[in-house]
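Colleague: Please take one part of this model, the part beside the nucleic acid, and go through it closely before saying how it fits into the whole. I would like each term to be explained where it first comes up.

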Protein chains: 2
Amino acid sequence: MRAPRANSREKILAAAADVAREAGPGSLSLDAVASRAGVSKGGLLYNFPTKAKLMQGLVENYLSDFQKALEARAAEAGHESVLSAYIKLSADDCERPKPSASWMFSAIAEDPDFLTPIKAFKHQLFERLKGETADLGSLLVCFLAIEGMRSMNLFDSDVLSEDERKLLVSSLLKIAG
Amino acid sequence: MRAPRANSREKILAAAADVAREAGPGSLSLDAVASRAGVSKGGLLYNFPTKAKLMQGLVENYLSDFQKALEARAAEAGHESVLSAYIKLSADDCERPKPSASWMFSAIAEDPDFLTPIKAFKHQLFERLKGETADLGSLLVCFLAIEGMRSMNLFDSDVLSEDERKLLVSSLLKIAG
DNA sequence: TTGACAAGACCGTCCAGCCGGTACAGTAAG
DNA sequence: CTTACTGTACCGGCTGGACGGTCTTGTCAA
């Protein structure tokens, strides 16, 4: 029963995210991930020799996906600012009711240092935005508001209604100029 | 050496927060909390019959502290808006380099439903702010930006410098009117 | 045949919750 | 006063189960 062509890595990563989302970040065990991915535990450990490596894979995957999406947005919109692209991308990410990143809590529980690459990424993005934005105050407000939106999505807090989120986004775009 | 009246509950709660902050949210074990609080495991279990109850205690403590602090701010400043009080309170909370609430990750790992009271609290606060703020767009931007600030503090992300945070706060206060 | 890859039984560790104690305070009958 | 009983606060060893990681044994593709 061996899948001749199985890109197991991606399946496992996706399965891990699913398990964290559905069973809760505290229930992300290797056994659960393996069975969810349709893979044996040995198979999982073959691809990710340790749980920490799995978490690392999750983080790297997340970051590279995000970067790709942001670059695509920034390119497709032509001469639009990166900040606008970031706002719109985040709005879309938060629109779908998937708090798709609750695996992050598992990673933090495993080792808070898994946040380091994410922090670095954000810092880098912030610096990039500073380079293209005239008014630092406006940038700060926008950047933090987006952060807040993402955070609420992560924590699965649907405090805002659909309309409110749309109003928020348009307000931010206005501030961003 | 029976302490006739030691308010063990508070000591335990504080110890739990300390352990989560220093050893990481994944290392919050009952043994660690007990020894940190200067209490035996049995004593801990006497006050909090289960780990879930301990988490619940943490959440309730956090929420009531926050509410008290907010009320105090709103009262002391006289006729200032609640939104301004909320902004300033959050700014002060985030100023000290203590990501004092990393126990929250442990709670989420234990059971994501521990977030429910927090979500409810935020929702309630948001409704209250809506009642006193004229421009919904401005309120949304401020509210989310504060959320972002708190989130960054929680994740121990020091992306913003001291000056930037001050500028952010003053910008928010201006928007809040 | 060989080696990349997968299966799952197995082992050691860790931890939540349990349980049988201990120390002490209050109370009240003798 | 004292003895006996009751309830409170706390102690710490124990255990059963879960989980991460290893090991042995396949199995398919080239």
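Modeller: What follows begins at the DNA and works outward to the chains.

This is a predicted model, in which local features need pLDDT of at least 70 and side-chain atom pairs count only at pLDDT 80 or more, while totals for chains, interfaces and linings use all residues. Residues are numbered from 1 along each chain as its sequence is written, and chains are lettered from A and ligands numbered from 1 in the order in which they are written.

DNA strand C is surrounded by 21 residues, and the closest are A:S40, A:G42, A:G43, B:L30 and B:K51. A residue is near a strand when its C-beta atom, placed from the backbone, lies within 6 Å of it. Two or more residues of this surface come from each of α3 (41-47) of chain A and, in chain B, α2 (30-37) and α3 (41-47), and α3(A) gives the most, with five residues. The element names follow DSSP runs numbered from the N terminus, with helices being H or I of at least four residues and strands being E of at least two. By class, the surface near DNA strand C has six nonpolar, nine polar and six charged residues. Here Ala, Val, Leu, Ile, Met, Phe, Trp, Tyr, Cys and Pro count as nonpolar, Asp, Glu, Lys and Arg as charged, and the others, Gly among them, as polar.

Of the elements at this surface, α2(B) deserves a closer look. Its buried residues are B:V33, B:A34 and B:A37, where buried means that 20 or more other C-beta atoms lie within 10 Å of the residue's own, exposed means 12 or fewer, and partly exposed is in between, with C-beta atoms placed from the backbone. These three cover an arc of only 100° around the axis, which puts them on the same side of α2(B); the arc is that of the directions from the helix axis to the C-beta atoms. An α-helix has 3.6 residues a turn, so residues three or four places apart point the same way. The buried residues of α2(B) pack against α1 (8-23) and α3 of chain B, and just after the helix, B:G38 takes a positive phi of about 70°.

Turning to chain A as a whole, its secondary structure comes to nine helices and zero strands, and its C-alpha atoms fill a box of roughly 55 × 30 × 30 Å along the principal axes. Buried residues make up 32% of its 177 residues. An automatic or database domain assignment supplies the domain bounds, and for chain A it gives domain 1 (1-49) and domain 2 (55-176). The C-alpha centres of these domains of chain A lie 27 Å apart, and eight residues of domain 1 are in contact with 10 residues of domain 2, contact meaning that the C-beta atoms of two residues, placed from the backbone, lie within 7 Å. The side of domain 1 of chain A that touches domain 2 has seven nonpolar, no polar and one charged residues.

Within domain 2, helix α4 (residues 51-76) of chain A holds A:L63, which is partly exposed, with 15 other C-beta atoms within 10 Å. Leaving aside neighbours within four places in sequence, A:L63 is in contact with A:P117, A:I118 and A:F121, and although A:I118 is 55 residues away along the chain, the C-alpha atoms of the pair are separated by 7.3 Å.

Finally, the two protein chains meet each other as well as the DNA. Chain B can be laid on chain A with an RMSD of 0.1 Å by a turn of 180° and a shift of 0.0 Å along the axis, and the two copies are thus related as by a two-fold rotation axis. Such copies are superposed by least squares on the C-alpha atoms of residues with pLDDT of at least 70 in both. In the interface, 34 residues of chain B are in contact with 34 residues of chain A. At least two residues of the chain B side come from each of α6 (103-110), α7 (116-132), α8 (136-154) and α9 (162-176), with α8(B) giving the most, 12 residues. By class, that side of chain B has 20 nonpolar, eight polar and six charged residues. As 100% of the interface residues of chain B are also interface residues in chain A, the copies meet through the same surface.
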